[in-house]
Amino acid sequence: MNEKTEIAVLGAGIIGLCNALQLQREGFQVTLIDRAIAPGLETSFGNAGLIQPDGFLPILFPRDVRSILEYASNRRRDCVYQTSALWQLAPTLVRYWHKSSPASARRTMAANIPLFAASVDAHMELAELAGASEQFSPKGWTRVFTNEVSFRVYAAKISGLKSHGVSADILSPAEISRLEPDLLAKPVGAVRLIDQLSLSSPLKLSEAYFRLFLKNGGQFARADATSLTVHPDGNYSVRTENGSVTADKIVVCLGPWADDLLRRFGIKIPLFVKRGYAVHFNAQPGAQLHHSTSDADGGYSITPMEEGIRLNTGVEFASRDAPASDVQLARVIPLARKFFPLGEQIDVNPWVGSRPCLPDMLPVIGESAHRRGLWFAFGHAHHGLTLAAASGRLLAQMVKGLRPFTDPTPYSAERFA
């Protein structure tokens, strides 16, 4: 069976879902394509469930020699690397280091601000239509510190962002105890980012958005996106389980797998991944975690989720498809048990996901300069969940030919030409 559609969105993670919905809202007929049996089962699945409108400050590669040597020792908890991947990652990491200069970081932050500022409203619009508004809880995110120096450095950094609309409370040990009475740690202070929203199940949000997409007349097909071909008339087609889908336009929302497709078309974008791990625990009897909480000095976070208390690690530099490693979890789980009374581990095998990153820590949003009708929406790094609805709105406005709510130039793929 062959199907014709106006736009095919490749990838049904949270980015693909939001792009599909925003395109539908602009009146387009959309088919959503993914290799999985259902949306939201890959990178979108195991995150910490946070919508972070204040997350516009880029996560930079260290530039001072002391920090670089410390990371190079590979003994940290918040960031580790697999030695076997270094030869492959080295060129991109050099570009990442270069794009982490103060001047480049300022440009990234300026480009980030309008996307992050629109993130909550964009999600709330979609969530209301999807009947999922109640999934978002205004609990904020608490970064707890046990080291006085790192606490003061971070508190000063957050205070410096108040002019950009960042709202935060600086908490004393007594205030932390009232917020999370069951913490075992002896913190020196905490920073509570109060505008952040929490989800108890990121997967359920994906499922709600998918139901809305289908209700609006969208179609879903299973296919390998790398089967994409271009017809002589400029149309595109993808081979699916049940035939093919032909589309006037393609939107690539493949996250860390985008490069597999783009290489086939001779398009070079320096995409790399920062992997992260998640594992669920029960709380010990009588203990309860109320908010998403980060052990800032330990390099991990714990979040109350429907599946249990989700522990998320920091960053692992590795090849996207490399076998999972137990190094980072082995370093942080003992700390987490001293931080909060975790009970038994629920998951037999930890989840591992790949954050799709670009050296300047900005996503790619826009049309290819080399192939008309080929659109990009990937590379959202640590903030795919946060930025999905807003960046989808931006792309849909561009496809429709409307005036975009912010200048899309900083997100163009041509910045890597």
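This passage describes the annotated domain, the nonpolar cores, one helix pair and several individual residues of a predicted model.

The UniProt record, an unreviewed entry, assigns the feature "domain: FAD dependent oxidoreductase" to residues 7–398. Within this span, helix accounts for 32% and strand for 27%. The C-alpha atoms at the two ends of residues 7–398 are 13 Å apart.

The largest nonpolar core comprises 63 residues. Within this core, the residues with the most contacts are V9, L23, Y209 and V251. Helix α11 supplies the largest share of the core, namely nine residues. The surroundings of Y209 can be given in detail. With residues up to four places away in sequence left out, Y209 touches I14, L17, C18 and L21, and also H123, L126, A127, A130 and F136. A second core, separate from the largest one, contains 29 residues, among them I33, A225, V245 and L261.

Helix α11 also takes part in a helix pair. In general, the packing of two helices is described by the angle between their axes together with the distance between those axes. Helix α5, formed by residues 119–130, and helix α11, formed by residues 384–400, have axes that come within 8 Å and cross at roughly 80°. Angles of 65 to 115 degrees count as roughly perpendicular, and α5 and α11 are therefore roughly perpendicular to each other. On the α5 side, the contact is made by S119, D121, A122, H123, E125 and L126. The α11 side contributes L385, T386, A388, A389, A390 and R393. By character, the residues of this contact divide into six nonpolar, three polar and three charged. Two of the α5 residues in the contact, H123 and L126, are also touched by Y209.

Two strand residues were examined individually. V252 lies in strand β13, which covers residues 243–252. Its relative accessibility is 0%, and V252 therefore counts as buried, the limit being under 20%. Apart from neighbours within four places in sequence, V252 is in contact with L10, A258, L261, L374, W375, F376, A377 and F378. One of these partners, L261, is included in the second core. V252 and Y71 are 181 residues apart along the chain, and their C-alpha atoms are separated by 33 Å.

A283 belongs to strand β14, residues 272–283. The relative accessible area of A283 is 29%, and this residue is therefore partly exposed, a class that lies between the limits of 20% and 50%. Residues up to four places away in sequence aside, A283 touches I309, F340, P341 and G343. From A283 to G366 the sequence separation is 83 residues, and the C-alpha to C-alpha distance is 44 Å.

Backbone geometry was considered at two loop positions. Most residues other than glycine have a negative phi. M361, which is not a glycine, has a positive phi near 60°. This residue is found in the loop between β20 (351–357) and β21 (364–367). With a relative accessible area of 8%, M361 is buried. A positive phi, of about 55°, is also found at A381, likewise not a glycine. A381 is located in the loop between β22 (374–378) and α11. The relative accessible area of A381 is 11%, and A381 is buried.

Methods: Residues are numbered from 1 along each chain as its sequence is written. This is a predicted model: local features need pLDDT of at least 70, side-chain atom pairs count only at pLDDT 80 or more; totals for chains, interfaces and linings use all residues. Side-chain values use heavy atoms; hydrogens and water are left out. Axes are lines fitted to C-alpha atoms, for helices over the stretch in contact, and angles run from 0 to 180 degrees between N-to-C directions. Helices (H or I, at least four residues) and strands (E, at least two) are DSSP runs, numbered from the N terminus. Angles under 35 degrees count as roughly parallel, over 145 as roughly antiparallel, 65 to 115 as roughly perpendicular and the rest as oblique. Contact means heavy atoms within 4.5 Å. Ala, Val, Leu, Ile, Met, Phe, Trp, Tyr, Cys and Pro count as nonpolar, Asp, Glu, Lys and Arg as charged, and the others, Gly among them, as polar. UniProt positions are given in the numbering used here, feature names are shortened, and annotations may be inferred rather than shown by experiment. A nonpolar core is a set of buried Ala, Val, Leu, Ile, Met, Phe, Trp, Tyr and Cys residues joined through side-chain atoms within 4.5 Å. Buried means under 20% relative accessible area, exposed over 50%, partly exposed in between (1.4 Å probe, protein chains only).
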